[in-house]
Amino acid sequence: GKDYTGSVLSNGSCVVTILGVDLQALTNGASYTVTADASDDAGNVATTVTSSSFTVDRTASNAPIINAISTPIIDPTPTITGTGVNGNTIILYADAANIGSDVVSSGVWSITSSSTLTEGTYVIKATSTDPAGNVSVDSTTQSIVAGATPTMTITAAGAGAISSGGATDDTSITVSFTSSQPTSNFVKSDVTISGGTLTDLT
């Protein structure tokens with residue numbers, strides 16, 4: 001062991017400084033006992049000795065797991081869930097921004113974004129910090145698309161423009177669909193036609 005000396009302050013407390021290099025020399029996973037005694041200026045040693053034990057922990061937990069996220073996310077402050085080690089603190093990131101934290105309980109965590117996500121694509125990741133302060137590597141990332149509720153504008157034209165609820169004697173009309181947001185999965189089966197037939201989408 002190694003001895004350290006401190007001085008008792010006027011309020012009765014005592015501060016002893018242990019060098020960082022000495023702490024780093026301790027073996028990871030090993031248990032140690034710290035013992036403290038006191039003596040006065042005359043050299044009298046206290047009869048009561050205080051001791052405390054601790055275990056060195058420099059090993060981080062495994063990365064947390066983020067549950068599958070459906071996309072796009074309409075809610076600008078989404079709730080993201082996952083699993084991790086009980087008692088660890090999960091920090092959630094959208095790109096590089098910290099958007100919330102939670103302590104794992106019963107193996108699960110849930111974080112509602114503390115920041116409002118504007119429309120766009122974000123990379124979501126999480127880290128796990130154990131009670132000793134060890135931080136895990138990043139979780140597997142997921143990409144999400146955040147945005148407002150999309151709207152669809154429908155216009156129809158035959159020989160001329162046809163207003164909503166209007167009538168025409170044209171045998172064929174062209175219908176145009178305009179989305180307020182980019183889309184790549186709008187297909188023919190998404191359209192319901194009454195009293196006619198939709199030939200195709202282009």
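A residue is called buried under 20% relative accessible area, exposed over 50%, and partly exposed in between. The structure discussed here is a predicted model.

## Aromatic contacts

By these limits tyrosine 32 is partly exposed, because its relative accessibility is 24%. This residue belongs to the one aromatic pair that the structure holds. Its partner is phenylalanine 54; the ring centres lie 5.8 Å apart and the planes meet at 25°, so the pair is stacked. The contact links distant parts of the chain, since tyrosine 32 lies in strand β3 (residues 31–36) and phenylalanine 54 in strand β4 (residues 50–55), 22 residues apart. Phenylalanine 54 also counts as partly exposed, at 33% relative accessibility.

A further ring, that of tyrosine 93, has a charged neighbour: the charged end of lysine 125 sits over this ring, 5.7 Å from its centre.

## Salt bridges

Lysine 125 also takes part in a salt bridge, its side chain meeting that of aspartate 138 at 3.1 Å, N to O. Aspartate 138 lies in the loop between β10 and β11, and lysine 125 in strand β10, so the pair ties together parts that are 13 residues apart in sequence. Lysine 125 is partly exposed at 23% relative accessibility, and aspartate 138 is likewise partly exposed at 39%.

Across the whole structure, two salt bridges are found. Besides the pair just described, the side chains of lysine 2 and aspartate 22 meet at 3.2 Å, N to O. This second contact again links distant parts of the chain: lysine 2 is in the segment before β1 (7–8) and aspartate 22 is in helix α1, 20 residues apart. The two partners fall into separate accessibility classes: lysine 2 is exposed, with a relative accessible area of 55%, whereas aspartate 22 is buried, with 17%.

## A nonpolar surface patch

Helix α1 (residues 20–24) also holds leucine 23. Leucine 23 is partly exposed, with a relative accessible area of 41%. Together with Tyr4, Val16 and Ile18, Leu23 forms a nonpolar patch on the surface, and the four residues have about 310 Å² of accessible area together.

## Strand pairing

Strands of a sheet pair through backbone hydrogen bonds, in either a parallel or an antiparallel manner. In this model, three strands form an open sheet with antiparallel pairing, in the order β5-β6-β9. The edges are occupied by β5 (65–66) and β9 (108–112); each has a single partner strand, so one side of each is left without a neighbour in the sheet. Strand β6 (residues 79–83) is joined to β9 by five bridges, and the two run antiparallel. Within this pairing, threonine 79 has threonine 112 of β9 as its bridge partner.

Another antiparallel pairing joins strand β10 (residues 120–129) to β11, again through five bridges. Here valine 123 stands opposite serine 143 in β11. Strand β11 (residues 142–146) has two contrasting faces: Gln142, Ile144 and Ala146 make up the covered face, while Ser143 and Val145 make up the uncovered one. Serine 143, the residue opposite valine 123, thus belongs to the uncovered face of β11.

## Loop residues

Most residues other than glycine have a negative phi. Aspartate 95 has a positive phi of about 60° although it is not a glycine, and serine 106 has a positive phi of about 55°, likewise without being a glycine. The table sets out their loops and accessibility, together with those of proline 131.

| Residue | Loop | Relative accessible area | Class |
|---|---|---|---|
| Aspartate 95 | between β7 (89–94) and β8 (97–103) | 38% | partly exposed |
| Serine 106 | between β8 and β9 | 68% | exposed |
| Proline 131 | between β10 and β11 | 74% | exposed |

The loop of proline 131, between β10 and β11, is also that of aspartate 138, the salt-bridge partner of lysine 125. The C-alpha atoms of proline 131 and asparagine 62 are separated by 14 Å, and the two residues are 69 residues apart along the chain.

Note on methods. Residues numbered from 1 in each chain as written. Predicted model: local features only at pLDDT ≥ 70, side-chain atom pairs only at ≥ 80, totals over all residues. Heavy atoms only, no water. Phe/Tyr/Trp six-rings, centres within 6.5 Å; stacked < 30°, edge-to-face > 60°. Helix = DSSP H or I, 4+ residues; strand = E, 2+ residues; numbered from the N terminus. Buried < 20%, exposed > 50% of the residue type's maximum accessible area, 1.4 Å probe, protein only. Lys NZ or Arg CZ within 6 Å of the ring centre and 35° of its normal. Patch = residues over 30% accessible without salt bridge, like charges linked within 9 Å, V, L, I, M, F, W, Y side chains within 5 Å. Areas by Shrake-Rupley, 256 points an atom, 1.4 Å probe, with all protein chains shown as cover. Pairing = 2+ DSSP bridges.
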